[in-house]
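Trainee: I keep getting lost when I look at a whole protein at once. Please pick one part and take me through it slowly, with every term explained.

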Amino acid sequence: RFESTMASSFPVGACVVLQNLVGAAQYNDKNGIVKSKLSGNGRQEVYVFGVNKSMAIKPTNMRYLPRELSSLSVPEMKGVLAASGSSTEDELSGMEKEILKGMVAEVTTSPEELAKLIAKANEPASDVPTPRSNKSTAQPSPPNINSSQLRQGAERMSSMTPDQLRQQAATMRAMGAATLRATNPAMAALTDEQINMSISQMEAMANNPTMMKMA
């Protein structure tokens with residue numbers, strides 16, 4: 001079991017809830033996503049949902065947005081197990097959802113700790129190379145995606161609830177195309193238009209349960 005401790009900083013991409021703000025109390029209990037590491041002034045940039053703005057927030061004014069075990073998708077459960085060090089991605093390959101859920105329950109059932117481990121699993125690599133500008137004006141070619149990758153992507157989205165899809169789409173919009181390309185190898189060669197189209201498709205699926213069943 002994990003002990004709940006005050007975070008000194010939050011991973012980039014972590015979903016958080018703002019708390020104990022005094023000068024901007026109207027933002028307390030608002031949800032957001034962390035967009036930067038801890039800066040020299042002891043704050044992190046957080047994109048706040050609902051008000052659609054970024055704010056510089058101290059870690060003491062944030063807490064992880066809790067996640068119930070029952071709400072986790074298969075990829076998220078695998079991420080929790082990998083981040084906790086109890087299993088590797090290879091060991092978890094092909095396991096059914098109920099088995100994964102039982103394994104996660106042995107690690108922790110705390111909504112706060114689950115959220116913390118998910119954030120840790122999804123944290124971008126520390127040293128991500130900055131994309132270099134290309135003198136050529138030609139658009140980059142889309143990555144080669146085989147049928148297996150397409151099927152895996154469809155299975156992942158179909159296992160997510162509408163709320164999870166909306167949250168994922170909102171997170172991607174907040175991060176921006178450039179950041180997504182730099183932190184996600186699968187999107188490295190996608191154009192802004194292609195990334196925005198993917199986000200729009202996720203939002204459409206969240207608003208149309210029939211599309212989710214067909215995915």
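Mentor: Let's look at the sheet, then at what sits around it.

Before that, some housekeeping: this is a predicted model, where local features need pLDDT of at least 70 and side-chain atom pairs count only at pLDDT 80 or more, while totals for chains, interfaces and linings use all residues. Residues are numbered from 1 along each chain as its sequence is written, and side-chain values use heavy atoms, leaving out hydrogens and water.

Now the sheet: it's open, with 5 strands in the order 4-3-2-1-5 and antiparallel pairing. Strands (E, at least two residues) and helices (H or I, at least four) are DSSP runs numbered from the N terminus, and two strands pair if DSSP finds at least two bridges between them. At the edges sit strand 4 (53–57) and strand 5 (62–64), each pairing on one side only. On average, neighbouring strands here are turned by 40° against each other, ignoring direction. For such angles, axes are lines fitted to C-alpha atoms (for helices, over the stretch in contact), and values run from 0 to 180 degrees between N-to-C directions.

Zoom in on strand 3 (residues 44–48), which is joined to strand 4 by 5 bridges, the two running antiparallel. One example is V46, whose bridge partner in strand 4 is M55. Helix 6 (residues 162–175) packs on the sheet, touching strand 1 (15–18), strand 2 (31–34) and strand 3, and its direction makes about 50° with that of strand 2.

Back in strand 3, find Q44. Is Q44 buried or exposed? Q44 counts as buried because its relative accessibility is 1%; buried means under 20% relative accessible area, exposed over 50%, and partly exposed in between, with a 1.4 Å probe and protein chains only. Beyond its neighbours within four places in sequence, Q44 is in contact (heavy atoms within 4.5 Å) with residues including F10, V34, M55 and M62. Q44 also lies 9.0 Å from V12, C-alpha to C-alpha, though they're 32 residues apart in sequence.

Next, hop to N61, in the loop between strand 4 and strand 5. N61 counts as buried too, because it has 12% relative accessibility. Its contacts, leaving aside neighbours within four places in sequence, are V17, L18, Q19, N20 and L21.

Last stop, I33: setting aside sequence neighbours within four places, its contacts include A14, V46, Y47 and A174.
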